[in-house]
Amino acid sequence: MQNVTLNVQGMSCGHCVKAIEGSVGQLEGVNEVKVKLDVAQVEVSFNETQVSIDTIKETIDDQGYDVK
């Protein structure tokens, strides 16, 4: 399992949390997703043999948020 913390801009409410946790959480290989609105970060625990960090970033970007 690999753990990564991504800086994500544009998150502001509970809907943002649900959108990101829901979409990233459905990716095969993702074990856990935690959105931290107060620090604009998303923590992801995933199996790097099943899903890439680029796929995770693209999924967040597809929800309308800016991954730094």
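**View 1. Aspartate 66 is partly exposed, with a relative accessible area of 35%.** The model shown here and in the other views is predicted. Aspartate 66 forms a salt bridge with lysine 68. The closest N and O atoms of this pair lie 3.0 Å apart. Lysine 68 is exposed, at 60% relative accessible area. Aspartate 66 belongs to strand E4, where it stands opposite glutamine 9.

**View 2. Strand E1 pairs with strand E4 in the antiparallel sense.** E1 covers residues 2–9, and E4 covers residues 66–67. The pairing runs over 2 bridges. Glutamine 9 and aspartate 66 face each other here.

**View 3. Strand E1 also pairs with strand E3, again in the antiparallel sense.** E3 spans residues 41–46. This pairing has 6 bridges. Valine 4 has valine 44 of E3 as its bridge partner.

**View 4. Serine 45 is buried, with a relative accessible area of 8%.** This residue sits in strand E3. Its side chain makes a polar contact of 3.1 Å with the side chain of asparagine 3. Leaving aside residues up to four places away in sequence, serine 45 touches Met1, Gln2, Asn3, Gly29, Val30, Asn31 and Glu32. One of these neighbours, Glu32, also takes part in a salt bridge with lysine 34.

**View 5. Lysine 34 and glutamate 32 form a salt bridge.** Their closest N and O atoms are 3.6 Å apart. The pair counts as a salt bridge because the cut-off is 4 Å. Lysine 34 is partly exposed, at 42% relative accessibility. Glutamate 32 is partly exposed too, at 39%.

**View 6. Lysine 36 and glutamate 43 form a salt bridge.** Here the closest N and O atoms are 2.9 Å apart. Lysine 36 is partly exposed, with a relative accessible area of 33%. Glutamate 43 is partly exposed, at 26%. A search of the whole structure finds 3 salt bridges.

**View 7. Cysteine 13 and cysteine 16 are not bonded, because their sulfurs are too far apart.** The sulfur of cysteine 13 has its closest cysteine sulfur in cysteine 16, at 3.6 Å. Seen from cysteine 16, the closest cysteine sulfur is that of cysteine 13. A disulfide needs the two sulfur atoms within 2.5 Å, so a separation of 3.6 Å does not qualify. Cysteine 13 is partly exposed, with a relative accessible area of 31%. Cysteine 16 is buried, at 5%. The structure holds 0 disulfides.

**View 8. The setting of the close-ups is a protein chain with 2 helices and 4 strands.** From the N terminus on, the elements run β-α-β-β-α-β. The radius of gyration is 11 Å, close to the 11 Å that the globule rule gives for 68 residues, so the protein chain is as compact as a globular protein of that length. The C-alpha trace spans about 30 × 20 × 20 Å along its principal axes. Buried residues make up 38% of the 68 residues. Among contacts between residues at least 6 apart in sequence, 60% join residues at least 24 apart.

Key. Residues numbered from 1 in each chain as written. Predicted model: local features only at pLDDT ≥ 70, side-chain atom pairs only at ≥ 80, totals over all residues. Heavy atoms only, no water. Pairing = 2+ DSSP bridges. Salt bridge = Lys/Arg side-chain N within 4 Å of Asp/Glu carboxyl O. Buried < 20%, exposed > 50% of the residue type's maximum accessible area, 1.4 Å probe, protein only. Polar contact = N/O pair within 3.5 Å; in protein donor to acceptor, adjacent residues only side chain to side chain. Contact = heavy atoms within 4.5 Å. Rg over C-alpha atoms; globule rule 2.2 N^0.38 Å.
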